[in-house]
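Please find below a colleague's note on the pockets of this structure. The points take the pockets in turn and consider what lines each of them.

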Amino acid sequence: MPTISVETRIAAPPELCFDLARDTEFHARSLEHTGERAVAGVTSGLIGFGESVTWEARHLGVRQRLTSQITAFDPPYHFRDCMTQGAFKRFAHDHFFDEDGGEVTVMRDVIDFASPAGPIGRVFDRVFLAGYLRRLIRGRGEMIRREAERRAASEMG
């Protein structure tokens, strides 16, 4: 059962970070290098509890579709999206937003995943996929950080 965790510190309020993380249009922009786009479900705006979105993108050289549903929702501190259809045997992504000293939000992404294909899939997960997902989530976290800090600064000044 591979699990990865990525933490990003953001000089912006949790509400802003929370909304950016669940904004389907911003999500697509933050992963445009993969060609990621929403093709069904909530394809624009903010996704909420019980709603789902189907993403199409090229990952690891393969065009893929993944449908995920928001299965936990506690604004502005946490939401979880879980794959309901796609290439993984299991994929759950928890998004946590905690205040640190009132001026910084600590955004923590925790992903629990498993590839299909039994023992071969488990080896693939540890050797390759965990690193790929960690890099993808770090890059996305950096995009959220830059946009949230830009918006927070413009609201203050």
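1. Helix 3 is the leading contributor to the lining of the largest pocket, supplying 7 residues. The model under review is a predicted one, and the values below should be read accordingly.

2. Several other elements share in that lining. At least two residues each come from helix 2 (24–30), strand 3 (52–59), strand 4 (62–74), strand 5 (78–85) and strand 6 (90–100), as well as from helix 3 (118–156).

3. As to extent, the volume of the largest pocket is about 680 Å³. Its lining comprises 36 residues, and those nearest the centre are E36, H59, L66, F88 and F91.

4. The chemical character of this lining is mixed: 21 residues are nonpolar, 8 are polar and 7 are charged.

5. The second largest pocket has a computed volume of about 160 Å³. It is lined by 13 residues, with A11, A12, P13, G102 and E103 closest to the centre.

6. Which element gives the largest share of the lining of the second largest pocket? Helix 3 does, with 4 residues. Strand 7 (104–114) also belongs in this account, since both it and helix 3 supply at least two residues of that lining.

7. By class, the lining of the second largest pocket consists of 8 nonpolar, 2 polar and 3 charged residues. Helix 3 thus deserves attention in both pockets: it provides the largest share of the lining in the largest pocket and in the second largest pocket.

Methods: Residues are numbered from 1 along each chain as its sequence is written. This is a predicted model: local features need pLDDT of at least 70, side-chain atom pairs count only at pLDDT 80 or more; totals for chains, interfaces and linings use all residues. Side-chain values use heavy atoms; hydrogens and water are left out. On a 1 Å grid over the protein atoms alone, a cavity is a set of points where a 1.4 Å probe fits but cannot get out, and a pocket is an open set with protein on both sides within 12 Å along at least five of seven lines; lining residues have an atom within 4 Å of a point. Grid points are joined across faces, edges and corners, and a volume is the space filled by probe spheres set on the points. Ala, Val, Leu, Ile, Met, Phe, Trp, Tyr, Cys and Pro count as nonpolar, Asp, Glu, Lys and Arg as charged, and the others, Gly among them, as polar.
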